[in-house]
Amino acid sequence: MRSLVLLCFVGCANLQVVPVPEAAEQHRPKTADGWELSLVRYRPVGPSTGIPVLLCHGITANERNMDLDADHSMARWLASKGREAWTMSVRGTGASDRVDPTHGRALPILFDHFWQHDLPTAIAHVRQVSGAEQLDYAGHSMGGLIAYAYLSHGGTGLHAVATLGTPVRLGWGTGVERLLTSIGPIVGRDEVLVPSEALAQLSAPFQTLGDDSLMERLLYQPGSTSKETWQRLVRYGTADTAGGVIRQLLVMLGSASFRAELASVRTPVLVIAGKLDRLALTPAVKDGFHALGGPRQFRLITAANGAHGEYGHMDLVIGEHAAEDVFPHVLGFFDSPGEGEGPALRSGAVFPP
Amino acid sequence: MTALVLGLMVAVSDDVGVAHRRVTTADGAAVALYRYRVEGLRSPAPPLLLVPELGFSRALFDFEHRGLARWLAAQGREVYVAELRGQGKADPALSLEHFATDVDAVLKHIDAAQVDLVVQGWAGALLMSSIAEARVRRVVAMNVLFEPEVPNQLAERFLMNGARFSSLASSPEGAHVFEQLFGLRAEMPVSTFHALLATGTRDLSRPVAAELLAWMRHGDRPIHDSSVKRRLIAWRRPTLLMLGLADGFAPPELCAGWRDHNPNVSIRTFTRLEAGDDFSRASMLLGTRAPSFVFPEVLEFLR
């Protein structure tokens, strides 16, 4: 009992939701099929240095992945560099409309809804509010897939795109895939809504306990993201997972046709992979780079390329050093998209003579 | 139970007999060949030929009486580990061109109609594009390169500095470079890791380091009237491409594309999530998890 009390006391700070900054503006555009989306606007600090950037999270996640707190925020980092940043939550996640059949918002939620309705709605709203003709876009994990699908079906309004930890295929012979294959038919059904948000919040107090947990092995590198940061993400950065989305993703990533469609993309894309990402394996991410038809770059985030440490799936957006190891590559690409070389070694990197 | 199995394994491994032969190539160079066999145990499957990565010796397969060579021999297989020019006790290599000649000499000495292969990384790509395919039955290819690129800045600097493993062994910074490239997050005793660097590696010659770097930068390497990549595409023997996520010198994203060009190649990727190790070059063969996760799958595929 005493341990539980101590646990609650120690973990208390990380279990409180850190609000978005007061200056951030809440927007709620509505999709053509009737879902209000949560968009948060972070105005640039100082003079504007470029067009707005729209940021989108991955599966089982929400907009707070891109703005967890003052120290872990791609949105605030971009704003500090003079870019107006917008975070978005796709339907059914974060502060966007949830499933509510009494108001005409019934299941299924599909991946197709994200790129056919949610992303176009967000792009149109940001363009209208900011007056910008085009936007830059960064998507983490499934957020990158949304952009891939949107662009490969002729989507417009994006000047350059960065995908972070976005896998485009299955078939790697891993244990995770075997698990997905076995549970896919059970949870990957249109009428299912996996209560992953509630489960995550229930587990949040225990996320700092022990080492080498299943979540740690799958989703982050403890050397790159502290347990406290991870705990905060689990507390308020997660969302329920629609079975229809799981079903469509499994089909999409299991076939070659999705990758074939990427050949039609002409928008410049930066593809970022974390060396030790066990969810979006580096070859699964790089296959997206190979499949794209327009200007593209690939960046591998690893200490061997000068990063502070090794990067797993979530470290790419919430890592303690993501603002030094990852975000500058994204902004640099947005500023001058096109083909290029890998990052230089961090100054001070030691190499024996 | 695990301890019992490991204990039995060690007991069996102690019965493995190792014979060393110096084999002379057609152009007069010496390469080293080690045969591992347990008297009285004999599988009907063809002999196995194991060839380590450039810069490494047979230690990758047999270090301090542990490793894949002894493990496979204990299962009844006749196992050969070859050190080609530039590796281990073989003569020095001034070019990667010697690979085909060296492999010919080794196969002639083994004198079997066919062998099974276990190969690694850059050496594996060279070997598979050099060897007479008719002499091979099946292959386990560990992080064998298909789409060469400079894997990272550290690897590039290492090769530009002449790929001198001996310089890495002399300082903590050097050991860190070795870890990044060959033993990232490896689940293996630190002492084993350092001993492998000190005694299981050999400097590449400057010309070989330069050839390897040029291969990385150009994305392919000519071989006679073809190229490494074209020959890998044309490879027809059943091949299991084992991928360790943590390999920093032959990373999986430069290997996996092979299966898109060759239907005979299947993929098995290891991660820490299931196997307790992301399997770098060193730990895929010498890590504490290798005998439980890697070795049985090698044996199964080559059965």
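Biologist: Hi! Where does A:Lys275 sit in chain A?

Modeller: Hello! This is a predicted model, just so you know. In it, A:Lys275 lies in the loop that runs between β9 (269–274) and α11 (282–291) of chain A.

Biologist: Thanks. And which side chain of opposite charge is nearest to A:Lys275?

Modeller: That is B:Glu253, 4.9 Å away. A salt bridge needs the nitrogen and the carboxyl oxygen within 4 Å, so A:Lys275 has no salt bridge, although A:Lys275 is buried.

Biologist: What does the side chain of A:Lys275 reach, then?

Modeller: The backbone oxygen of B:Leu245, at 3.2 Å.

Biologist: Let's turn to the two chains. How many residues does each one bring to the contact?

Modeller: Chain A gives 37 residues and chain B gives 40 residues. In chain B, B:Gln153, B:Glu253 and B:Leu273 lose the most area to chain A, and together they make up 22% of what that side buries.

Biologist: B:Glu253 again! What area do chain B and chain A bury between them?

Modeller: About 3200 Å², with 55% of it on carbon and sulfur atoms.

Biologist: How many salt bridges are there between chain B and chain A?

Modeller: There are 5 salt bridges between them. A:Arg169 forms a salt bridge with B:Asp260, where the closest N and O atoms are 2.9 Å apart.

Biologist: And how many residue pairs are in polar contact between chain B and chain A?

Modeller: The count is 18 residue pairs, with both residues at pLDDT 80 or more. The elements of chain B that give two or more residues to the side touching chain A include α5 (153–160), α7 (172–182) and β10 (265–270). The residues on that side of chain B divide into 15 charged, 14 nonpolar and 11 polar.

Biologist: New topic: the backbone. What kind of peptide bond joins A:Leu107 and A:Pro108?

Modeller: A cis one, with omega at about 10°. A:Pro108 is in the loop between β4 (85–89) and α3 (111–130) of chain A. For background, most peptide bonds are trans, and most residues other than glycine have a negative phi.

Biologist: What about phi of A:Ser141?

Modeller: Phi there is near 55°, a positive value in a residue other than glycine. A:Ser141 falls in the loop between β5 (135–140) and α4 (142–152) of chain A.

Biologist: Is A:Ser141 buried or exposed?

Modeller: Buried, because its relative accessibility is 9%.

Biologist: And B:His224, buried or exposed?

Modeller: Exposed, because its relative accessibility is 70%. B:His224 has a positive phi too, near 50°, and is in the loop between β7 (222–223) and β8 (226–227) of chain B.

Notes: Residues are numbered from 1 along each chain as its sequence is written. Chains are lettered from A and ligands numbered from 1 in the order in which they are written. Side-chain values use heavy atoms; hydrogens and water are left out. Helices (H or I, at least four residues) and strands (E, at least two) are DSSP runs, numbered from the N terminus. Buried means under 20% relative accessible area, exposed over 50%, partly exposed in between (1.4 Å probe, protein chains only). Lys and Arg count as positive and Asp and Glu as negative; His and the chain ends are not counted. A polar contact is a pair of N or O atoms within 3.5 Å; within protein, one must be able to donate a hydrogen and the other to accept it, and residues adjacent in sequence count only if both atoms are side-chain atoms. Contact means heavy atoms within 4.5 Å. Buried area is the accessible area (1.4 Å probe) that two parts lose on being put together, summed over both. Ala, Val, Leu, Ile, Met, Phe, Trp, Tyr, Cys and Pro count as nonpolar, Asp, Glu, Lys and Arg as charged, and the others, Gly among them, as polar.
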